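Student: I would like a close look at one part of this model. Please take me through the nonpolar core, then the parts of the chain around it.

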Amino acid sequence: MLNARSTAKKKGSPKGFWSDRNLDLGDYICIQKETITPQQAIVGGIEFQLTPELLERIQIAKSRRETLYFKSSFLTELRNYAMSGDAIAFSTFYGESATEEAVMRSLISFEGEMNHQVCRYWLEDAALALQIISCHHWLISQILRGLSLGPVRSHNGIAWGIVALIGAGILAFNWQNFLVAGGTGWLVLLVFLWLVQRAIAFILNRLSPGLRRWFLYQMLFGSFSGTENQRKKALAIVSKL
């Protein structure tokens with residue numbers, strides 16, 4: 001028999017399940033932690049709090065091949081949890097009470113081993129148990145998908161932002177000259193800024209993979225591996241590269 005939960009869940013509003021066409025269950029998924037010191041915490045695992053309405057929403061998302069929406073702060077916590085141990089624990093609860101027993105628990109190690117436990121009580125309602133277990137596995141697959149840092153991003157947007165600042169500075173100090181120069185001056189400025197943007201984007205795209213590897217190494221073995229806060233800061237930077 002699985003143990004009853006000992007901590008209360010955050011309850012969210014039944015509205016606003018969808019975010020950019022993806023399912024947003026941020027109020028029903030949490031990483032349970034016990035703080036030891038301001039710099040150290042023990043993670044108990046990831047918990048899913050399901051309700052009848054959520055079961056229906058997840059089934060709709062599965063049929064539409066939607067994905068789960070994650071906030072960047074949650075992804076940082078998730079990746080930090082994954083890097084601090086050799087396995088990830090998942091627990092699914094069903095109902096509104098904070099003392100409900102977990103319907104199912106799973107432990108997945110990074111060596112490929114999986115261990116699943118199902119509460120015997122819930123097996124008495126086979127149809128509901130199968131539905132909850134199906135959602136449990138779908139949520140795990142979405143969580144594991146979220147662990148990926150994804151491909152290296154294109155930095156065109158960042159480059160344009162830098163160029164915009166450069167252009168604003170040039171205009172601020174040479175506004176009268178551009179008024180006198182007319183169309184030719186504006187054309188020269190636009191061509192110059194476009195060339196600068198291409199150069200900045202090229203440099204950022206070239207440096208990004210190396211910077212990623214450096215930050216990941218530092219999180220595992222170097223200067224960012226000492227505390228949870230250091231790993232979180234480094235992970236937040238890596239996710240932007």
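Tutor: Start with the largest nonpolar core of this predicted model. The core has 34 residues. Five of them touch the most other members: Ile 29, Ile 46, Leu 50, Leu 139 and Ile 143.

Which elements give two or more residues to this core? Four are strands: S3 (29–37), S4 (40–50), S6 (87–94) and S7 (102–109). The helices are H1 (52–63), H2 and H3. H3 gives the most, with 7 residues. There is also a second, separate core. That one has 8 residues, including Ala 159, Val 163, Phe 178 and Leu 189. In soluble globular proteins, nonpolar side chains tend to be buried together.

Now take single positions, beginning with Phe 90. Phe 90 sits in strand S6. Is Phe 90 buried or exposed? Its relative accessible area is 0%, so Phe 90 is buried. Setting aside neighbours within four places in sequence, Phe 90 has contacts with Ile 46, Phe 48, Met 104, Arg 105, Ser 106 and Ile 108. The list goes on with His 136, Ile 140, Ile 143 and Leu 144. Two of these partners, Ile 46 and Ile 143, were named above among the core residues that touch the most other members. Leu 139 is another residue to check against Phe 90. The C-alpha atoms of Phe 90 and Leu 139 are separated by 9.4 Å, with these positions 49 residues apart along the chain counted as their spacing.

Next comes Ile 132, in helix H3. Its relative accessibility is 0%, so Ile 132 counts as buried. Beyond four places in sequence, Ile 132 is in contact with Leu 50, Leu 55, Thr 92, Tyr 94, Val 103 and Trp 122. Leu 50 is again one of the core residues with the most touching members. Met 104 is 28 residues from Ile 132 along the chain, and their C-alpha atoms are separated by 8.5 Å.

Strand S7 also holds Ser 109. Ser 109 has a relative accessible area of 16%, and is therefore buried. Ser 109 touches Asp 86 and Ala 87, leaving out residues up to four places away in sequence.

Turn to the helix packing. How do H2 and H3 pack? H2 covers residues 72–83 and H3 covers residues 126–147. Their axes are 9 Å apart, at an angle of about 90°. The two helices are therefore roughly perpendicular to each other. From H2, the contact uses Phe 74, Leu 75, Leu 78, Arg 79 and Ala 82. From H3, the contact uses Ile 143, Gly 146 and Leu 147. By class, the contact residues are 6 nonpolar, 1 polar and 1 charged. Ile 143 thus has several roles here, so list them: it is in the contact with H2, it belongs to the largest core, and it touches Phe 90.

Two other positions are worth a look. Arg 65 lies in the loop between H1 and strand S5 (68–69). Arg 65 is exposed, with a relative accessible area of 75%. Its phi is near 60°, a positive value in a residue other than glycine. Most residues other than glycine have a negative phi.

Leu 204 lies in helix H5 (residues 183–220). At 26% relative accessibility, Leu 204 counts as partly exposed. Outside its neighbours within four places in sequence, Leu 204 is in contact with His 155 and Ile 158. Ile 158 is 46 residues from Leu 204 along the chain, and the two C-alpha atoms are separated by 8.9 Å.

Now step back to the whole protein. There are 6 helices and 8 strands. From the N terminus, the order is β-β-β-β-α-β-α-β-β-β-α-α-α-α. Of the 241 residues, 37% count as buried. Among contacts between residues at least 6 apart in sequence, 64% join residues at least 24 apart.

Last, confidence. The mean pLDDT is 76, and 70% of the residues reach 70 or more. Over residues 6–15, pLDDT stays under 50. The model has 21 contacts beyond four places in sequence for that stretch. Where pLDDT is low, the predicted coordinates should not be read in detail.

Conventions
Residues are numbered from 1 along each chain as its sequence is written. This is a predicted model: local features need pLDDT of at least 70, side-chain atom pairs count only at pLDDT 80 or more; totals for chains, interfaces and linings use all residues. Side-chain values use heavy atoms; hydrogens and water are left out. pLDDT is the predictor's confidence in each residue, from 0 to 100. Contact means heavy atoms within 4.5 Å. Axes are lines fitted to C-alpha atoms, for helices over the stretch in contact, and angles run from 0 to 180 degrees between N-to-C directions. Angles under 35 degrees count as roughly parallel, over 145 as roughly antiparallel, 65 to 115 as roughly perpendicular and the rest as oblique. Ala, Val, Leu, Ile, Met, Phe, Trp, Tyr, Cys and Pro count as nonpolar, Asp, Glu, Lys and Arg as charged, and the others, Gly among them, as polar. A nonpolar core is a set of buried Ala, Val, Leu, Ile, Met, Phe, Trp, Tyr and Cys residues joined through side-chain atoms within 4.5 Å. Buried means under 20% relative accessible area, exposed over 50%, partly exposed in between (1.4 Å probe, protein chains only).
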